Amino acid sequence: MGYDWDFWVVFREFGLLMHGLINTLKVTGLSLTFGVPLGLCLALLRLYGNWPIRVPVGIIIEFFRATPPIAQLFWFFFALPILIGVEIDPFKASVLTFSLQSSAFFAEVFRGGIVSIDKGQWEAAKAIGMNRNKSLKRIILPQAVKRMIPAFLERAIELMKTTTLVGTISYADLLYEANTIAQSTYRSLEVFTVAAGIYFVIIFVCSIGVRQLERRMARTGETTAH
Amino acid sequence: MTTVLSIQNIHKIFGDLEVLKGIDVNVEKSETIVILGASGSGKSTLLRCINFMEVPTSGRIVLSGKTIGKETAGKVIYNEAELNALRTRVGMVFQHFNLFPHMTVRENVMEGPRTVLKCDKDECGRRASKYLDKVGLGWKSEAYPSQLSGGQQQRVAIARALAMEPDIMLFDEATSALDPELVGEVLETIKELADEGMTMLIVTHELGFAYTVADRVLFLSEGRILEQGTPAEVLVYPKQDGTKNFLKGHGSFRLPEPKLD
């Protein structure tokens with residue numbers, strides 16, 4: 001049985017899809033903007049904090065890693081407003097959820113990167129009189145970040161795909177708009193094909209870009225000095 | 001003579017293992033001291049206690065007349081800032097070089113003067129050029145450590161320590177990780193520093209080098225100084241059985257003298 005493809009309806013509603021795409025990028029981008037630095041802070045607290053800091057931070061990280069993102073989203077959208085008595089709109093709830101959720105994952109990426117650096121690097125920094133903060137900033141993190149790039153990319157891609165959950169609290173992201181179009185035109189096949197294609201193109205292009213960046217960094221000499 | 005460094009009754013205990021059992025050494029200005037001993041005798045630990053890479057369990061470190069730490073009720077308390085300041089005056093060269101791989105050779109050497117000593121740009125540049133030239137690697141300024149041989153990396157590490165213009169240099173088995181053919185260039189560099197009057201404490205397994213470079217040799221055994229004296233006294237005419245056995249072990253691969261007909 002042949003299916004009569006008709007992409008025209010999708011292109012007629014392309015504006016709506018683009019609106020959804022922008023919202024997807026907004027949530028992803030903002031969550032990355034907050035999630036990465038927050039992840040670094042959590043990683044440092046977990047690594048170097050005293051136990052009254054280290055333990056709760058560890059629990060927070062594990063909590064976000066071990067619970068379904070959709071449960072977290074519902075919690076911040078439906079439950080938190082009851083607790084604090086303030087309405088949170090779907091956009092803010094989404095950014096809040098995914099910033100925190102991704103920060104937990106980024107914290108583990110940062111931690112892994114930092115502990116992977118040879119302790120001789122810490123000693124060399126210490127031996128020329130650097131304190132811990134300076135050693136981290138000048139010596140350890142620049143090397144760790146370089147090693148973390150692939151894991152970062154992995155998390156960022158995962159994040160962008162997970163943001164499709166925001167449709168469940170009626171935030172009009174790309175997938176949500178695709179669904180709207182599909183329901184009004186009865187052209188699910190075409191609409192979801194195009195939507196998936198857009199996700200694919202963005203993620204694929206980013207991957208290539210990051211791989212290119214990695215290659216360029218590798219060229220500037222650095223491997224490990226032993 | 002002025003005493004640059006005074007190590008007084010240093011003990012170091014790891015868990016229930018006492019690695020250093022009371023070490024006393026006075027280091028005079030421009031003196032080169034070589035520390036010998038079997039592995040596990042505590043020689044690296046002693047070196048690492050001097051710049052507080054390891055904090056001594058008890059005892060005193062006095063650098064240029066100033067005692068490090070504050071003594072209250074028999075216990076010495078060290079503050080991080082004081083230790084960091086001390087480390088800027090004590091250079092250390094490691095067995096595994098530990099250059100910063102993400103920085104060029106020049107940046108490695110400038111890092112301490114720039115971020116710790118807060119020297120201005122001209123001064124950082126001057127020091128980088130001066131000390132890289134001293135170790136013969138001015139022409140490798142823009143290379144990354146991974147592009148250098150082990151011997152070159154270790155010479156950069158020496159330049160990095162010298163750039164702090166320290167009062168004293170510590171060498172912790174600086175040639176042990178090198179291929180045999182690269183050992184010479186590093187020892188040569190260290191020898192030049194000795195000739196220029198740098199105060200140095202050197203842990204090494206190169207007995208021939210120890211003999212040539214040292215003003216004084218300390219032989220450590222089980223956390224104590226078993227014997228010390230001039231290179232000839234310790235290496236050629238040792239008095240203690242421990243020293244004799246150690247030297248015997250090192251001599252077992254000496255090539256036979258050629259027979260003359």
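The largest pocket of this predicted model encloses about 320 Å³ of space. Its lining is made up of 17 residues, and those nearest the centre are A:W122, A:K126, A:R132, B:E80 and B:R87. Two or more lining residues are contributed by each of α6 (119-127) and α7 (132-162) of chain A and by α2 (80-89) of chain B. When the lining of the largest pocket is divided by class, seven residues are nonpolar, three are polar and seven are charged.

The second largest pocket has a volume of about 230 Å³. It is lined by 13 residues, of which A:E123, B:F94, B:Q95, B:H96 and B:N98 lie closest to the centre. At least two residues of this lining are supplied by each of α6 of chain A and α1 (43-50) of chain B. The largest share, three residues, belongs to α6(A). By class, the lining of the second largest pocket comprises one nonpolar, six polar and six charged residues.

Attention then turns to the nonpolar interior. The largest nonpolar core contains 71 residues, and the most contacts inside it are made by B:L5, B:I7, B:I23, B:I35, B:L47, B:I50 and B:L201. The surroundings of B:I50 were examined in detail. With residues up to four places away in sequence left out of the count, B:I50 touches B:L5, B:I7, B:I61, B:L86, B:V90, B:L170 and B:L201. A second core, separate from the largest, has 49 residues, among them B:L99, B:V109, B:Y131 and B:A157.

A further position considered was B:S30, which is situated in the loop of chain B that connects β2 (17-28) with β3 (32-37). The relative accessible area of B:S30 is 31%; because this value falls between the limits of 20% for buried and 50% for exposed residues, B:S30 is classed as partly exposed. Beyond its neighbours within four places in sequence, B:S30 is in contact with B:G197, B:M198, B:T199 and B:D215. The C-alpha atoms of B:S30 and B:T3 are 9.6 Å apart in space, and the two residues are separated by 27 residues in sequence.

Methods
Residues numbered from 1 in each chain as written. Chains lettered and ligands numbered in written order. Predicted model: local features only at pLDDT ≥ 70, side-chain atom pairs only at ≥ 80, totals over all residues. Heavy atoms only, no water. Helix = DSSP H or I, 4+ residues; strand = E, 2+ residues; numbered from the N terminus. Buried < 20%, exposed > 50% of the residue type's maximum accessible area, 1.4 Å probe, protein only. Contact = heavy atoms within 4.5 Å. Core = buried A, V, L, I, M, F, W, Y, C linked by side-chain atoms within 4.5 Å. 1 Å grid on protein atoms, 1.4 Å probe; cavity = no way out; pocket = protein on both sides within 12 Å on 5 of 7 lines; lining within 4 Å. Points joined across faces, edges and corners; volume = space filled by probe spheres on them. Nonpolar A, V, L, I, M, F, W, Y, C, P; charged D, E, K, R; others polar.
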